[in-house]
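Biologist: I would like to learn how to read a structure like this one. Can we start with a single residue and work outward?

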Amino acid sequence: MASSSTLPLHLCHVNKFTMIINRSHALLHSIAIAFLIYYRASFLFLETKTRTTPIIPWLAVFASELLLSFIWLLGRAYVWRPVSRTVFPERLPNDDKLPAIDVFICTTDPDKEPTIGVMNTLLSAMALDYPPGKLHVYLSDDGGYATTLHGMREAWRFGRWWLPFCRRYDIKTRCPEAYFSRTEDDHSDSKSSEFMEERQTIKQKYETFKERVTKAKEDSKLADTGVHTARDHPSCIEVIQEYSKEGLQEDQIYKMPLLVYISREKRTSQSHHFKAGAVNVLLRVSAVLSNSPYILMLDCDMYCNDPTSAKQAMCFHFDPEMSPSLAFVQFPQTFHDISENDIYDSEVRSAYTILWPGLDGLKGPVLSGTNFYIKREALCGNYIQKGIDLRELKNSYGPSNEFIISLRHDYKPNLNNDGEVSHILLEEAKVLASCSYEDHTKWGKEVGFLYDAIAEDYLTGFTLQCKGWISAYLAPSRPQFLGTSTTNLNDLLIQGIRWGSGLVDVAISRFFPLLYGPPRTSILHSMCYAELSLFPLLYCLPLWCFATIPPLCLLNGIPLYPEVSDPYFSVFLFIFLSALSKHLHEVLITGRPISKWINEQRIWMIKSVTCHLYGSMDAILKKLGLRKSSFLTTNKVADDEQIKLYQEGKFDFRASTIFLAPLVTISLVNLASVAGGLVRMMVMEAGWRKMFGQLLLSFYIIVMNFPIIEGMLVRKDKGRIPSYVTVLSAVFSLFFLSLGSIIICILL
């Protein structure tokens with residue numbers, strides 16, 4: 001029988017059946033697209049007198065079809081070789097041989113990211129099933145709020161009760177809020193009187209903890225350290241500890257992980273590079289305080305739902321064949337508040353069930369902002385062993401000798417000396433957290449998280465893989481991390497603008513994957529990253545075209561598609577049905593219902609004509625120097641009415657007019673075109689055969705976006721579309737249809 005030391009720590013399974021389906025579909029769909037291109041191109045060679053359609057709308061639709069075909073072609077790389085992985089953490093060596101881990105949690109604003117939720121994430125990280133002496137938890141408070149620091153001190157006190165309780169009874173759900181909200185206990189001996197008594201005690205202490213945190217002033221600042229505003233304050237670093245054992249019995253005393261509060265220096269005159277800048281400060285400060293070789297990155301609302309995630313990740317990092325080139329292990333983002341209907345596609349199903357497993361079959365998934373265990377060396381390098389002189393190192397990493405020493409793998413900081421925290425190291429850490437430390441260095445350019453795009457995770461992961469690093473994707477049946485999703489339309493689209501802008505930042509930079517990638521990584525891998533960087537731009541333009549030009553031509557009796565009797569009509573119909581059926585197949589094989597497919601189609605259209613457009617414009621304006629970079633924090637607070645509407649599957653249209661007006665305008669344009677087109681088809685000779693394609697397209701848009709029409713005309717609740725938006729959109733629609741019809745008449 002093989003020993004645990006010779007058995008594999010993980011297995012990789014190639015999904016061959018899915019791979020065959022994907023490749024067969026890609027072949028058939030590509031042939032159909034080739035016929036479509038031939039049909040469209042042949043029109044351009046017709047004599048002007050024989051053309052029945054104006055050239056401009058024809059070219060607009062053709063260009064849109066080419067763009068969609070191009071982005072579809074790039075996306076085939078995702079499904080070329082999908083894989084799944086299995087790990088065996090029980091085969092890992094003993095705890096004393098496990099490497100240390102630093103946990104990074106970032107927060108900025110307690111008004112949008114409630115302190116109680118942040119502290120629950122922090123406590124779940126402290127309670128990971130990992131040697132506490134090898135676990136170090138850092139919280140970056142970018143706003144410098146006193147309530148966050150107060151919350152950490154309270155979390156430490158509660159943690160001295162919570163962590164031993166979780167260990168003693170092998171609690172699986174180690175986020176206190178999630179644990180005490182459960183109707184059933186996940187402890188095997190949950191009915192014992194001893195357990196129930198201790199559980200009640202811990203619950204009371206948790207309620208006390210919440211009350212103390214809630215009472216703290218939300219808008220207070222760290223007055224004792226000179227903090228004035230969230231954008232202008234000095235650095236503050238505090239090692240959270242308390243040596244009092246009051247109330248704890250001898251068997252309840254438990255070694256606690258290191259817990260550190262960090263608020264980096266911020267000045268209004270300095271650029272702070274948003275989350276990437278905060279994480280780079282965490283990298284430097286943690287290097288001189290703990291210097292763990294591995295780092296777990298968590299969003300402040302993404303708590304650890306399974307305490308074994310660290311050991312599961314180590315199954316890859318301990319693989320002697322994979323580990324030397326392995327940069328990070330990515331877990332999916334999952335959410336605890338997803339409704340059965342999920343009208344906003346808040347779970348981002350496609351990315352974590354289709355795209356990331358496909359990337360994993362190439363060179364590894366995208367670095368996804370949270371839920372990943374990354375090797376410190378991948379971000380900071382190990383240049384000490386390369387014989388580089390001190391001056392060159394300081395040009396790269398800054399003037400701190402202590403940090404440069406930390407680049408050595410064997411460097412172990414001596415933070416605690418006879419129970420006292422080293423003030424020398426804390427002062428050094430404050431220097432590393434200063435806003436001027438990175439000046440004239442390679443931080444954000446070659447070291448740490450990169451600053452070239454606000455999608456710092458995507459760009460940093462891409463450049464790491466171009467340097468030869470690989471990554472792995474693991475999606476166990478029990479979610480390792482659970483977060484809070486967006487449950488209203490406004491927050492979803494604001495978040496989409498930020499994501500879209502960050503991705504297009506990369507597409508129009510020197511890091512454009514199709515140019516930067518191929519010399520450094522495989523063409524398939526480059527295609528995946530290119531699809532991600534381009535999809536906001538290459539979806540918004542074609543969808544705006546299809547939502548306006550064909551309906552306008554339908555209203556004016558101008559055909560843009562072949563007649564029903566024309567063999568080429570079957571080509572267009574095949575492409576349309578092929579794309580829809582492939583999407584439906586992906587939804588069904590991931591265990592979702594047909595309603596999920598409809599919701600994803602709808603939200604794809606909504607995002608494409610709103611946040612993808614605005615995000616792309618934002619990136620282009622930044623590139624031209626006409627706009628400064630900005631970072632809008634996703635709101636994690638939802639009122640009861642928003643949640644109720646989401647759970648009922650109703651859109652909450654209490655959103656900005658810049659989001660609602662395009663949606664309502666497009667709906668009205670297509671309604672008018674269908675009505676006018678039907679009348680024209682009845683009086684026009686062979687009208688239905690010529691115009692059926694455009695009628696089908698407009699009808700599809702109307703059906704898929706019925707909730708918008710319902711929000712205009714039917715609903716009476718607070719989540720309906722405001723009347724002034726409907727009136728404004730009606731004016732826009734009338735203007736567009738009138739002006740467009742005049743232009744078409746001129747072109748004819």
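Modeller: Gladly. This is a predicted model. Start with Arg174, which lies in the loop between H4 and helix H5 (176-181).

Biologist: Is Arg174 buried or exposed?

Modeller: Look at the relative accessible area. Buried means under 20%. Arg174 has 3%, so it counts as buried.

Biologist: What does Arg174 touch, leaving aside its neighbours within four places in sequence?

Modeller: Arg174 is in contact with Leu123, Ser124, Ala127, Leu128 and Asp129, among others. The list also includes Trp162, Cys166, Arg167, Cys304 and Pro307. Now check sequence against space. Arg174 and Tyr303 are 129 residues apart along the chain, yet their C-alpha atoms are separated by 8.6 Å.

Biologist: Trp162 was in that list. Which residues does Trp162 touch, not counting those up to four places away in sequence?

Modeller: Trp162 touches Leu123, Ala127, Thr173, Arg174, Cys175, Pro176, Tyr179, Phe180 and Ile202.

Biologist: Which residues touch the most other members of the largest nonpolar core?

Modeller: A core is read as a network of buried residues in side-chain contact. The largest one here has 64 residues. Ile101, Val103, Ile105, Leu122, Met126, Trp162 and Tyr373 touch the most other members. Helix H4 (residues 146-169) gives the largest share of this core, 11 residues. There is also a second, separate core of 62 residues, which includes Ile497, Cys545, Leu697 and Leu737.

Biologist: Now strands. How should I read the side chains along one?

Modeller: In a regular strand, side chains alternate between the two faces of the sheet. Take strand E6 (residues 258-263). Leu258, Val260 and Ile262 point one way from E6. Leu259, Tyr261 and Ser263 point the other way.

Biologist: How many residues of E6 are buried?

Modeller: Six of the six, so E6 is largely enclosed by the rest of the structure.

Biologist: Which way does strand E4 run relative to E6, parallel or antiparallel?

Modeller: Read the bridges between strands. Strand E4 (residues 135-141) and E6 run parallel, joined by five bridges. Tyr138 stands opposite Val260 in E6. Strand E5 (residues 236-239) also pairs with E6, over four bridges, in the antiparallel sense. There, Ile237 has Ile262 of E6 as its bridge partner.

Biologist: Which strands stand at the edges of the sheet E8-E15-E10?

Modeller: Read the strand order. This open sheet has three strands, in the order E8-E15-E10, and the pairing is mixed. Strand E8 (303-304) and strand E10 (334-335) stand at the edges. Each has a single partner strand, so one side of each is left without a neighbour in the sheet. E10 and strand E15 (residues 481-483) run parallel and are joined by two bridges. Thr334 has Leu482 in E15 as its bridge partner.

Biologist: How many disulfides does the structure hold?

Modeller: A disulfide is a covalent bond between the sulfur atoms of two cysteines. The structure holds zero disulfides. Cys528 is in none; its nearest cysteine sulfur, that of Cys466, is 12 Å away. Cys528 has 1% relative accessibility and counts as buried. Cys545 is in no disulfide either, and the nearest cysteine sulfur, that of Cys553, is 9.1 Å away. Cys545 is buried too, with a relative accessible area of 9%.

Biologist: Let me try the single-residue reading on Ile709. Where does Ile709 lie?

Modeller: Ile709 lies in helix H24 (residues 706-713). At 10% relative accessibility, Ile709 counts as buried. Leaving aside neighbours within four places in sequence, Ile709 is in contact with Ser667, Leu671, Ile702 and Val714.

Biologist: Now the whole chain. How many helices and strands are there?

Modeller: The secondary structure comes to 25 helices and 15 strands.

Biologist: What radius of gyration does the protein have, and what would a compact globule have?

Modeller: Compare the model with the value expected from chain length. With 748 residues, a compact globule would be near 27 Å; the protein has 28 Å, which agrees. The C-alpha atoms fill a box of roughly 95 × 65 × 60 Å along the principal axes.

Biologist: What share of the residues is buried?

Modeller: Buried residues make up 57% of the 748. The protein exposes about 32100 Å², and carbon and sulfur atoms supply 59% of that area. For contacts, look at sequence separation. Among contacts between residues at least 6 apart in sequence, 83% join residues at least 24 apart.

Key
Residues are numbered from 1 along each chain as its sequence is written. This is a predicted model: local features need pLDDT of at least 70, side-chain atom pairs count only at pLDDT 80 or more; totals for chains, interfaces and linings use all residues. Side-chain values use heavy atoms; hydrogens and water are left out. A nonpolar core is a set of buried Ala, Val, Leu, Ile, Met, Phe, Trp, Tyr and Cys residues joined through side-chain atoms within 4.5 Å. Buried means under 20% relative accessible area, exposed over 50%, partly exposed in between (1.4 Å probe, protein chains only). Contact means heavy atoms within 4.5 Å. Two strands pair if DSSP finds at least two bridges between them. The radius of gyration is taken over C-alpha atoms; the globule rule is 2.2 Å times the number of residues to the power 0.38. Accessible areas come from the Shrake-Rupley method with a 1.4 Å probe; for residues, only the protein chains shown count as cover. A disulfide is a pair of cysteine sulfur atoms within 2.5 Å.
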